[in-house]
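Let's take a walk through this fold, one helix, one sheet and a few charged pairs at a time. Keep the viewer open as you read.

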Amino acid sequence: MQGRNDQRRTVGRAGAGLASLAVHGAILGALALASPPPAEPESQPIEVSLIPPPPRPEPPPPPPPPAEAPDGPAQDDAAPAAAATPPAPAPKISPPVPPPRQARPAPRPPEMPPLPVPPAPKAPTYALLSAAQTAGAITVGAGPGGGAGGAGASGTGAGDGAGGGGSSCSMVARLQTALRKEPSIQATVAQASAASGARGRALHLWDGQWVQSPGQTGRGLAGVRQAIAVEVAFAPEACRRDAVSGHVVLSLADGPGAPRIALGAGRWRWSDLLEARR
């Protein structure tokens, strides 16, 4: 009985000791959890400074060339001085200046034969009918087809009118009457007749085309050509178609020495005066 009690006491003590250890262990664990972990030591940065390398030493100058020994025996005391002093630089010799070049004369061009001078254009002169041509020309009131006023023919036969076909036109009288009405035309023809030395002969102004006259930029006498063209253009168509043979002479005044003009050559029509080249 006594032994059992002792055993129970021993067991109770051991349990109390275990319980005390468990309580202390729990307290230590709580304290360990509550305290912060120790801080790690911070690492300090390391300063690095770059130092440039020292400059390289310059190479020593090359030694002076040895002085040439003078001809003949040399003095003992002058040898060290000659070896110590460097030789004087040789004087620079400039190249010789070449003489200035003389300009060569330019070669003479080959002689060319002179070109022939073309003859000067021949100045226009007045064309005049000969005496035979004037005698056979058609005029107003004389010769075949001369007519008078509004009657007559133009050269295909007496009584045929202005040019055959039985027409009643008289283009010779029609043109002569129109030219005599213009004082400026009379003055122009009189001046040209005096300059040409016509002396009653007729100035030939149209021979299939208008003839160039001195002092005129165009062919024929400008005022006379224009007056004839207007009169022919306003004539009846039957009159313009009339055929004419030979020359027609128009007198601008009465009398043997009156200025006159001539139209035509060969066989032609009054309408040809409008189509002729000017």
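## Ground rules

A residue counts as buried under 20% relative accessible area and as exposed over 50%, with partly exposed in between. R180, for instance, has 29% relative accessibility, so it counts as partly exposed. Bear in mind that this is a predicted model.

## Helix α6 and its buried face

Start with α6, which covers residues 222–233. With twelve residues at 1.5 Å a residue, the helix should span 16 Å, and its end C-alpha atoms are indeed 16 Å apart. The buried residues here are V224, R225, I228, A229 and V232. Looking down the axis of α6, you'd see these buried residues fall within an arc of 130°, so they line one face of the helix. The general background is handy: an α-helix has 3.6 residues a turn, so residues three or four places apart point the same way.

What do the buried residues of α6 pack against? The helices on the list are α4 (171–180), α5 (183–196), α7 (237–240) and α8 (272–275). The strands β1 (203–206) and β4 (260–263) are on it too.

## The sheet

Next, the strands. Three of them make an open sheet with mixed pairing, in the order β1-β4-β3. β1 and β3 (248–251) sit at the edges with a single partner strand each, so one side of each has no neighbour in the sheet. From one strand to the next, the twist averages 30°.

β3 and β4 run antiparallel and are joined by four bridges. If you want to find one of the pairings on screen, V248 has L263 in β4 as its bridge partner. Two helices are worth a look here as well. α4 lies across β3 and β4, running at about 30° to β3. α5 also packs on the sheet, where it touches β1 and β4, and its direction makes about 120° with that of β1.

## Salt bridges

How many salt bridges does a search of the whole structure find? The search turns up three. As a general point, side chains of opposite charge can pair when their charged atoms come close.

Take R174 and E231, whose closest N and O atoms are 3.1 Å apart. This pair links distant parts of the chain, with R174 in helix α4 and E231 in helix α6, 57 residues apart. R174 has a relative accessible area of 33%, so it is partly exposed. E231 is also partly exposed, at 21% relative accessibility.

Then there's D254 with R180, again at 3.1 Å from N to O. D254 is in the loop between β3 and β4, while R180 belongs to helix α4, so this salt bridge ties together parts that are 74 residues apart in sequence. D254 counts as exposed because its relative accessibility is 67%.

R241 and E237 also meet in a salt bridge, at 2.3 Å from N to O. Is R241 buried or exposed? R241 is exposed, with a relative accessible area of 51%. Its partner E237 is partly exposed, at 43%.

## A stop in the loop

One last residue to click on is R219, in the loop between β1 and α6. At 27% relative accessibility, R219 counts as partly exposed. R219 is 14 residues from L205 in sequence, and the two are 8.4 Å apart in space, C-alpha to C-alpha.

Terms used. Residues are numbered from 1 along each chain as its sequence is written. This is a predicted model: local features need pLDDT of at least 70, side-chain atom pairs count only at pLDDT 80 or more; totals for chains, interfaces and linings use all residues. Side-chain values use heavy atoms; hydrogens and water are left out. The expected span of a helix is 1.5 Å times one less than its number of residues. Buried means under 20% relative accessible area, exposed over 50%, partly exposed in between (1.4 Å probe, protein chains only). The arc is that of the directions from the helix axis to the C-beta atoms. Contact means heavy atoms within 4.5 Å. Two strands pair if DSSP finds at least two bridges between them. Axes are lines fitted to C-alpha atoms, for helices over the stretch in contact, and angles run from 0 to 180 degrees between N-to-C directions. A salt bridge is a side-chain nitrogen of Lys or Arg within 4 Å of a carboxyl oxygen of Asp or Glu.
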